[in-house]
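Trainee: Please take one part of this model, the metal site, and go through it closely. Then follow the contacts that tie other parts of the chain together.

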Amino acid sequence: VTTSLVATSDRMKGLLDRLTSMSVEDYYNPYRMFDWPDELPEQMWWMTPSLMTVYDTAVGKELSTEQLQAVSKYESINFYSLNVHGIRELLIEVTKRIHTADFREVSEFFHHFIGEENEHMWFFAEFCLRYGPKIYRQPRGGAETIPPNNAESLLVFARILIFEELVDYFNSKMALDKQLHETIRQLNRIHHQDESRHIAFGRELISLLFTGFRAHATSQELTQINDYIKRYMIFSFESLFNPQVYRDAGLDEPLKIRNRLLADPRRSRFEQLAFRKILSFLSRIGMIEDEKLTIEENFS
Ligand SMILES: [Fe+2]
Ligand SMILES: [Fe+2]
């Protein structure tokens with residue numbers, strides 16, 4: 001490939017200029033930014049209740065406030081742990097591409113992106129290690145062999161965007177939730193600010209990459225893209241339901257709890273809500289067929 005994958009769009013160039021100068025103007029020192037209290041109180045909400053996997057479910061109704069708050073603590077550690085793992089993986093992919101011909105036009109932006117994500121990975125890990133005190137293990141699966149093989153970069157950046165939009169759904173709500181400790185709100189607020197730039201970039205990049213891909217794609221390849229994207233979303237969503245969280249919160253039969261929660265009618269409402277914006281974006285550009293995430297249909 002002699003021309004850059006993303007060289008042709010004036011809109012992208014304008015966006016890159018704006019986002020890059022915002023990154024420079026808003027630059028902050030994350031290592032000085034946060035107030036890290038020695039400990040956070042156990043008897044409080046560590047996560048916005050409506051963002052918890054047990055919220056409005058049959059399982060949740062069986063739990064006391066104390067138990068729910070324990071779940072909120074470990075669910076928040078799980079959420080930031082997923083961020084640590086997700087960021088490490090996206091850094092690997094962006095770093096691989098930063099000075100290739102295909103991404104020449106965006107390499108300057110990638111430098112800011114990599115720097116910012118490294119800092120995010122640091123503050124999320126710091127939170128987990130201080131207050132967990134641990135980082136949960138990475139869930140297995142999620143990035144299996146990618147079909148069709150000429151869509152590798154398209155799907156890598158689609159995964160990054162899906163991950164960032166899912167996280168941002170949580171961050172933007174928790175940043176505003178007055179029930180939460182100021183350290184937790186601050187973590188979510190700062191991440192949300194940086195991610196709004198990454199998401200704006202990611203959407204523009206996906207639009208360009210997908211337009212290029214679709215020009216030569218067969219209908220079978222487009223179906224493969226649709227299925228891959230939806231499988232990845234479902235996998236990402238299900239990784240929020242970590243049996244180790246329920247065990248750490250002192251609940252019996254953690255695997256059974258996970259399965260009950262995944263089968264609860266609230267699950268699909270929560271899933272559709274968490275992915276509402278990205279589903280609507282991907283279906284608008286034609287990368288997925290519709291905005292429904294239904295496991296049975298996609299795995300048939
Ligand atoms: Fe981030
Ligand atoms: Fe990001």
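Mentor: The metal site comes first, then the salt bridges, then the aromatic contacts.

This is a predicted model: local features need pLDDT of at least 70, side-chain atom pairs count only at pLDDT 80 or more, and totals for chains, interfaces and linings use all residues. Residues are numbered from 1 along each chain as its sequence is written, chains are lettered from A and ligands numbered from 1 in the order in which they are written, and side-chain values use heavy atoms, with hydrogens and water left out.

Start at the iron ion (ligand 1). Its protein donors are E117 (OE), H120 (ND1), H191 (NE2) and E195 (OE), at 2.2 to 2.4 Å. Donors are N, O and S atoms within 2.8 Å of the metal (3.2 Å for Na, K and Ca); water is not among the atoms, so sites may look incomplete. The spacing of these donor residues along the sequence is E-x2-H-x70-H-x3-E. The four donor atoms subtend angles of 85 to 154°, which makes the arrangement irregular. Four donors are tetrahedral if all angles lie between 85 and 135 degrees; four are square planar and six octahedral if opposite donors are over 155 degrees apart and all others between 65 and 115; anything else is irregular.

Now add the iron ion (ligand 2). E117 bridges it and the iron ion (ligand 1), and the ions lie 3.3 Å apart. E117 sits in helix α5 (residues 107–131) and E195 in helix α7 (residues 182–214), so the pair ties together parts 78 residues apart in sequence. Helices (H or I, at least four residues) are DSSP runs, numbered from the N terminus. E117 is buried at 1% relative accessible area. E195 is buried too, at 1%. Buried means under 20% relative accessible area, exposed over 50%, partly exposed in between (1.4 Å probe, protein chains only).

The protein donors of the iron ion (ligand 2) are E117 (OE), E164 (OE), E195 (OE), E195 (OE) and H198 (ND1), lying 1.8 to 2.3 Å from it. Their spacing reads E-x46-E-x30-E-x2-H.

Next, salt bridges. The structure holds 18. Each is a side-chain nitrogen of Lys or Arg within 4 Å of a carboxyl oxygen of Asp or Glu. E165 and R203 form one, at 2.8 Å from N to O. E165 lies in helix α6 and R203 in helix α7, so this pair joins parts 38 residues apart in sequence. E165 is buried at 8%, whereas R203 is partly exposed at 21%.

K73 and E42 form another, at 3.1 Å. K73 belongs to helix α4 (residues 65–97) and E42 to the loop between α2 (30–33) and α3 (58–61), so the pair ties parts 31 residues apart. K73 is buried at 6%; E42 is partly exposed at 47%.

Last, the rings. F237 and F270 form an edge-to-face aromatic pair, 5.2 Å centre to centre, with 75° between the planes. Rings of Phe, Tyr and Trp (its six-membered ring) pair if their centres lie within 6.5 Å; planes under 30 degrees apart are stacked, over 60 edge-to-face, the rest tilted. F237 lies in helix α8 (residues 219–238) and F270 in helix α11, so the pair links parts 33 residues apart in sequence. F237 is buried at 0%, and F270 at 2%. R266 lies over the face of F270, at 3.8 Å from the ring centre. That label needs NZ of Lys or CZ of Arg within 6 Å of the ring centre and within 35 degrees of the ring normal.

Definitions and conventions
Helix = DSSP H or I, 4+ residues; strand = E, 2+ residues; numbered from the N terminus.
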